[in-house]
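Dear colleague,

I am handing over the structure below, together with some notes on its rings and one helix end. Please read them with the coordinates open.

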Amino acid sequence: MIKPSNIEIDREKGNFHYPTSKYAFDAGVGLSEDVVKYISGVKKEKDWILDFRLKAYSIFKKKPMPTHWASKDLENIDFDVIRYYLAQGQQPSRTWEEVPDDIKKTFERLGIPEQERKFLAGVEAQFDSEAAYSRMKEGLEKEGVIFVGSTEGLRDYPEIFKKWFGKVIPTSDNKFSALNSAVFSGGSFIYVPPGVKLSQPLQAYFRINAENFGQFERTLIIADEGAEITYMEGCTAPKFETSTLHSAVVELVALKGAKIQYITVQNWSNNVFNLVTKRAMAHEEAEVRWIDCNIGSRLTMKYPGVILKGRKARGEVLSIALANDGQHQDTGAKMVHAASETTSNVIAKSVSIGQGRSSYRGLVQIPGHLKHCKNNTECDALLINSDSQTDTYPAISIQGDDNSVQHEASVSKVSAEQIFYMQQRGLNQAEAMSLYVNGFVNDLIREFPMEYSVELKRLIDMEMEGSVG
Amino acid sequence: MTTHFKSPDFFQTFSEKRSWEPGWMADFRKDSWSRYSELPKSKLKDERWRFSPRARFSYSNCEQLRDSPKQTKLVNNNSKKVIFESFDQAILEHPNLLSKLPSLTGPQLGSDETFLLGSSFSESGFLLNAGEGVKEEAAFVCNHFAPKENHSLFQQNIVTLAPFAELTLIEYFDSEDDSTIGVLSNLSHIHLGEGAKLNRIVVQRINSHSTFHHLEKIELERNSQFNNISLQLGSAQTRVESRGDILGEGAEFNNYSLSLGRNEQLFDQRTIQHHIAPHGKSNLLFKNALLDESKSVFSGLIKVDPKAQNTDSFQTNRNLLLSKEAEADSLPGLEILANEVKCSHGATTSKIDDQELFYLQSRGISKSIAEKLIVLGFFEDIIGRAGNSDTIESLRNEVSNYFKS
């Protein structure tokens, strides 16, 4: 048993302290070719994966920071003090006592079961519901579904995953996708065979992995012809995370007629840079839907995209962002139409509280040789306090005389009249405010599975505390 | 003989030609020119030029100036209460009204090069100055001319309205001839004092080979009002940069523009509505109808500072694509730092409604006429704001003339 020591949840900028004494594999501080080779070596990877990583590393070094359009806050990331790979030899490696009180309190208030709390806090990787999980796993296997980690996926099922790995998001897409490609570990690789329709959503934290979900996870989901899958990552409780940079790559492939729904609730503690590249490829008549909810982190930059590659494909992004003091939620969507009769829909709602800043950044592209393509984008922003900030930066590039797009954005504040109405019905100001904000995002929250939407509502209540009066 | 704006000899020759100017003007030109010659090479990725084929706005084929450029022609300048003079005349007769030139910054939306060139080499344009409370019914009209035969012309216009003055200004932009290349760079500085009101109409009919740079900055003091209607019809490529700064409480900024793109025409439009003071209003509507292989880029920003509470600000971009090869890029932006605001933007791009077209055709109207009628209808809510019915009718005709029957 390892002796508990105090883990610092550090909310100060620039402090990258990391307790490391208890990890069996540690790639050290900073990034170099040796670190990349070390990671690949620990994972006993095939040569082509090592080559892929090394090539990615050289691209990462060459790519500039995207500060010509993005937040200057990115310059505060010091790549030399980050640890790129840590794996625990045994588990659990942290104890419940180490988890900070405010996080414990949040678990309690969200009503998460005791055992699950420990897992969510990264204390334990398994819990007593293992039996239930095993049954579920058995059922999946019978259907031919593959649900493994990135290392296993590439090692055990190269014939399935190699074809699409790094194809939806090329390594050179951006600096952070290159970084992820060089040092990725963890994540989920999923394959759903033709015609299989999963009735239960697959959840990231059900998968028991020797290694915790890392900072640089890599996810690849392939839904074969006519298959259907809902995948959920993250959880509504704050992720107790000591690392300061999270940079994932998520690739989805929906083959002919397949449907993929990918749900994220991001609630990192607010010292984390969350820079994630997510993109899907939708083939003929396929449907991809991203549901994205960002509540935590210091800076999130995430623009889930869909490449509508086949005729009649459909892409959708539903996005909720809550930015509180010291947070910048820079989120949005990309819809690239590459076939006729494709449709896409983006609905983004953001709430800025205190000095929080939320931004919508979007891209819609329709070339002229396509027919009957449609896009609808709606962005609504709500500003709670006088020093809150919201921005909208869409980019819409349309050619041809047979396509149509519409984009609308509005900014509003809380209506004093409605707050007054609720107050005279006996709610106090904070409750009224909370109800108002919940109402603002309600039509999107309804899209979440029931237990998530309940927790999300509670979470919004908590975020709203102390924001008025 | 090849010449370059960056060559010291070229600037020297130009200075000698204008040696009659007062010393501060010469210093200002020299300072601007040295800043221009030190400009860093344009960055490959500049957000302010996103989607724009930037090379098309280069001066490279036209780096020479006419010995005696065709001056802006002023009409109806017989008002006693208003100063309305050409740029050169203003330098001689009203240097005090131009002395603020060195402190002006322009729209700052990407064309640093054009701004500095304009400050260095301007030799045309006009001064419009109205004293306190002066109201004139009749419009002040001027004609600007794009140069011919691979020349460039830079001009500056300074419009200053003292508190409670009210004027109407109509500006026509044409070419000296119809068949040769030229570049016209037009830089306007407009300042409206408290309660002042300026209605402006711009009709741009430059020939289809030439390049047009149109940069302007409008500053609005308390309760002032600026109403603009632009018809961008001509030129091979037009870059518009328009900045409206709401400096005083309760000011109102209305900016309406239409572009009709044919052949390979390019309209690159960058705008900002910057609310610095509270209780301001701004409304922007840019409509582009694009035929053939024409292209439009609209990039607009509403910026509301933390102090600018109770702002109402709207921005709309509508694009009508009439051919397969036409392209409309839209970058409508918002940056809101105050919460007591009403702000929204909308951007749509679509084609002509098949049913509307069918309806007209079923009444015996040919397809091309039907398209023309629909485009005219599309532009009507901009043209219809031009005030009296004579003006509206003449603007309709301006657009209509651009359709080959």
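Over the ring of which residue does the charged end of A:Lys349 sit? In this predicted model, the ring is that of A:Phe440, and the charged end of A:Lys349 sits 5.1 Å from its centre. In chain B, the charged end of B:Lys6 sits over the ring of B:Tyr36, at 5.3 Å from the ring centre.

Turning to rings that pair with each other, there are 28 aromatic pairs over all chains. One of them is formed by A:Phe165 and A:Phe189, a tilted pair with 6.1 Å from centre to centre and 40 degrees between the planes. Because A:Phe165 lies in the loop between α7 and α8 of chain A and A:Phe189 in strand β4 of chain A, this pair ties together parts that are 24 residues apart in sequence. A:Phe165 counts as buried at 3% relative accessibility, and A:Phe189 counts as buried at 0%.

The rings of B:Phe286 and B:Phe298 also form a tilted pair, with centres 5.4 Å apart and planes at 45 degrees. This pair links strand β14 of chain B, which holds B:Phe286, with strand β15 of chain B, which holds B:Phe298, the two residues being 12 apart; both of them are buried. Elsewhere in chain B, ring pairs link a cluster whose members include B:Phe5, B:Trp33, B:Tyr59 and B:Phe154.

Finally, helix α6 of chain B (residues 354–362) is capped at its N-terminal end by B:Asp353, a side-chain oxygen of which lies 2.9 Å from the backbone nitrogen of B:Gln355. The residue B:Gly364, which follows α6(B), has a positive phi, near 90 degrees.

Best regards

How values were computed. Residues are numbered from 1 along each chain as its sequence is written. Chains are lettered from A and ligands numbered from 1 in the order in which they are written. This is a predicted model: local features need pLDDT of at least 70, side-chain atom pairs count only at pLDDT 80 or more; totals for chains, interfaces and linings use all residues. Side-chain values use heavy atoms; hydrogens and water are left out. A polar contact is a pair of N or O atoms within 3.5 Å; within protein, one must be able to donate a hydrogen and the other to accept it, and residues adjacent in sequence count only if both atoms are side-chain atoms. Helices (H or I, at least four residues) and strands (E, at least two) are DSSP runs, numbered from the N terminus. Rings of Phe, Tyr and Trp (its six-membered ring) pair if their centres lie within 6.5 Å; planes under 30 degrees apart count as stacked, over 60 as edge-to-face and the rest as tilted. Buried means under 20% relative accessible area, exposed over 50%, partly exposed in between (1.4 Å probe, protein chains only). A charge sits over a ring if NZ of Lys or CZ of Arg is within 6 Å of the ring centre and within 35 degrees of the ring normal.
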